[in-house]
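Visitor: Could you take me on a close look at the salt bridges of this protein? I would like to know where the partners sit and how well they are covered.

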Amino acid sequence: MMGDQILEGTGKDSAKRVISVRDLYKIYRIGENKVYALNGVSFDIRRGEFVAIVGTSGSGKSTLLNMLAGLEPPTKGSIEIAGKRIDKMNERQLVAFRRNNIGFIFQSYNLLNTMNGLENVAMPLMFRGVPKAKREKIAEKYMKLMSVLDQAKHMPNQMSGGQQQRIGIARAMVVDPKIIFADEPTGNLDSHTSMDVLELMQKLVHEQQKTLVMVTHDDHLASFADRQIRIVDGKIVSIESRKDYGAESSEGEGNDKQQ
């Protein structure tokens, strides 16, 4: 496995870390056998970075995303997000942490069919107790950013797949999260719509300085990310930066490139 010297940056770089994973394992017992879904994974992700976790089915990428999101506990290892050790939190603390820090974009959109576009986007703010008029105004802002404000009164079954996913992205953004997790976000879209959505997500990350972690099996989609963390059989086999990313990044960030 690659050494931590490739994963860790300078002191200046460390100050910008928003996710720090060290020696992470997920081990399942099947009868007398141990199955290593994750086998000693370590990496950092910086604020304002778009990272793709890439791997085939069964590689461990979805398990890793679930653990980063606090949906599944690690067998051992540490996960620090936004300065908090989420692997030490109980379920109540995790729910509060996710509500205040994390947005989710799903492959299947997960829109509520009984709510129109505006209501779907505004829904996370309802759980925070934001008054209706205020949450709708905030929702409209992000719908406009995603170019779906014209879908505000439409129900999900009246929208195309691309429109539903843009609504899903607006919903993830409406709580102003530090981090957005996306699980195969274009899996149900055609190739042209997928490119539009990925370009939109890329723009969103860089203009709004959000951290986006996307799981995908598609190398072409992964190429939109600033960095790709490639997983095989529960282990990181490479961490690669987009060619122009190093030029945009601050001094010391080149330590993440594969030698």
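Guide: Happy to. One cut-off first: a residue is called buried when its relative accessible area is under 20%, exposed when that area is over 50%, and partly exposed in between. Please keep in mind that this is a predicted model.

With that cut-off, let us begin at glutamate 49, whose relative accessibility is 0%, so this residue counts as buried. Its salt-bridge partner is arginine 227, and the closest N and O atoms of the two are 2.6 Å apart. Arginine 227 has a relative accessibility of 1%, which means that this end of the pair counts as buried too. In sequence the two are 178 residues apart, and the bridge links distant parts of the chain: glutamate 49 sits in the loop between β2 (33-46) and β3 (50-54), while arginine 227 belongs to strand β9 (residues 227-232). As general background, side chains of opposite charge can pair when their charged atoms come close.

Let us stay with strand β9 for another pair. Here arginine 230 forms a salt bridge with aspartate 219, with 3.0 Å between the closest N and O atoms. Because arginine 230 lies in β9 and aspartate 219 in helix α9 (residues 219-222), this bridge ties together parts that are 11 residues apart in sequence. As for cover, arginine 230 is partly exposed at a relative accessible area of 22%, and aspartate 219 is partly exposed at 45%.

The loop between α9 and β9 brings us to aspartate 226, while arginine 242 lies in the loop between β10 (235-241) and α10 (245-248), so their pairing ties together parts that are 16 residues apart in sequence. The closest N and O atoms of arginine 242 and aspartate 226 are 2.7 Å apart in this salt bridge. Both arginine 242 and aspartate 226 are buried. Elsewhere, Arg17, Arg22 and Asp44 are joined into one network by salt bridges that share partners.

Now for the setting of these pairs. The structure holds 10 salt bridges, within a protein of 10 helices and 10 strands. Of its 259 residues, 51% count as buried. Among contacts between residues at least 6 apart in sequence, 69% join residues at least 24 apart. The accessible surface of the protein comes to about 12400 Å², and carbon and sulfur atoms account for 48% of that area.

Key: Residues are numbered from 1 along each chain as its sequence is written. This is a predicted model: local features need pLDDT of at least 70, side-chain atom pairs count only at pLDDT 80 or more; totals for chains, interfaces and linings use all residues. Side-chain values use heavy atoms; hydrogens and water are left out. Helices (H or I, at least four residues) and strands (E, at least two) are DSSP runs, numbered from the N terminus. Buried means under 20% relative accessible area, exposed over 50%, partly exposed in between (1.4 Å probe, protein chains only). Contact means heavy atoms within 4.5 Å. Accessible areas come from the Shrake-Rupley method with a 1.4 Å probe; for residues, only the protein chains shown count as cover. A salt bridge is a side-chain nitrogen of Lys or Arg within 4 Å of a carboxyl oxygen of Asp or Glu.
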